[in-house]
Amino acid sequence: YQEDRIAIVYDTIWGGTRTMAEEIAKGIRLADPKVVVNVMNLAKSDKNDVATEVFRAKALLVGSPSHNKCALSSVGAFLEEMRGLAFKGKKAAAFGCYGWSGEAQQRLNNALKDIGFEVVDDGIKNLWEPDEAAAAKCVEYGQQFAGKI
């Protein structure tokens, strides 16, 4: 059951990954105004609502800042929940901010592949909090991602 929907799920520490999620969503909407884009913060959303949205969507973007060379534990737990649902035919990628090393996005992409998602690209990451130029790159990334779905 796939609609013209893209789910963007994330968690954040200082807000940069939230900014990225919102800007990527803008880009998707610019590329295809008919697509429903649902941006959900894992720290504030009910996990059943998030799982339902992922089930309904044709693609998933997962965001987390890099923290201690990993994604946030809330994002890791979410992906573990998704593993058991055995999704097929859905596209995905990861995004997020980092301060030093930036490993989270590659780890998330690897986890998405292991779960069964088709990872369409390396995603996007940003050093520190996004400024105007970084926000514009996120909008552009959203447009490109929409074109791959």
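Strands here are DSSP runs of E at least two residues long, numbered from the N terminus. With that in hand, let's look around this predicted model.

**Strand 6 and a surface patch**

Strand 6 covers residues 124–127, and Leu 127 belongs to it. Leu 127 has a relative accessibility of 41%, so it counts as partly exposed. It also takes part in a nonpolar surface patch, together with Trp 100 and Trp 128. The three residues add up to about 430 Å² of accessible area.

**Helix 4**

Helix 4 runs over residues 104–115, which makes 12 residues. How far apart should its ends be? At 1.5 Å a residue the helix should span 16 Å, and the end C-alpha atoms are indeed 16 Å apart, so the two agree. The buried residues of helix 4 are Ala 104, Gln 105, Leu 108, Asn 109, Ala 111, Leu 112 and Ile 115. Looking down the helix axis, you'd find these buried residues within an arc of 160 degrees, so they line one face of helix 4.

Arg 107 sits in helix 4 too. Its relative accessibility is 48%, so Arg 107 counts as partly exposed. Its C-alpha atom is 7.4 Å from that of Ala 71, although 36 residues separate the two along the chain.

**The cysteines**

How many disulfides does the whole structure hold? A search finds zero. Cys 70 is in no disulfide, and its nearest cysteine sulfur, in Cys 97, is 17 Å away. For Cys 97, the closest cysteine sulfur is that of Cys 138, at 7.6 Å. A disulfide needs the two sulfur atoms within 2.5 Å, so 7.6 Å is too far for a bond.

Are Cys 70 and Cys 97 buried or exposed? Cys 70 counts as partly exposed because its relative accessibility is 29%. Cys 97, at 6%, counts as buried.

**A loop residue**

Ala 43 lies in the loop that links strand 2 (36–41) to helix 2 (47–56). With a relative accessible area of 56%, Ala 43 is exposed. Its C-alpha atom is 9.9 Å from that of Val 9, a residue 34 positions away along the chain.

**Accessibility side by side**

Here are the residues with a relative accessibility value, gathered in one place.

| Residue | Relative accessibility | Class |
|---|---|---|
| Leu 127 | 41% | partly exposed |
| Cys 70 | 29% | partly exposed |
| Cys 97 | 6% | buried |
| Ala 43 | 56% | exposed |
| Arg 107 | 48% | partly exposed |

Terms used:
Residues are numbered from 1 along each chain as its sequence is written. This is a predicted model: local features need pLDDT of at least 70, side-chain atom pairs count only at pLDDT 80 or more; totals for chains, interfaces and linings use all residues. Side-chain values use heavy atoms; hydrogens and water are left out. Patches are made of residues with over 30% relative accessible area and no salt bridge: like charges are joined within 9 Å, nonpolar side chains (Val, Leu, Ile, Met, Phe, Trp, Tyr) within 5 Å. Accessible areas come from the Shrake-Rupley method with a 1.4 Å probe; for residues, only the protein chains shown count as cover. A salt bridge is a side-chain nitrogen of Lys or Arg within 4 Å of a carboxyl oxygen of Asp or Glu. Helices (H or I, at least four residues) and strands (E, at least two) are DSSP runs, numbered from the N terminus. Buried means under 20% relative accessible area, exposed over 50%, partly exposed in between (1.4 Å probe, protein chains only). The expected span of a helix is 1.5 Å times one less than its number of residues. The arc is that of the directions from the helix axis to the C-beta atoms.
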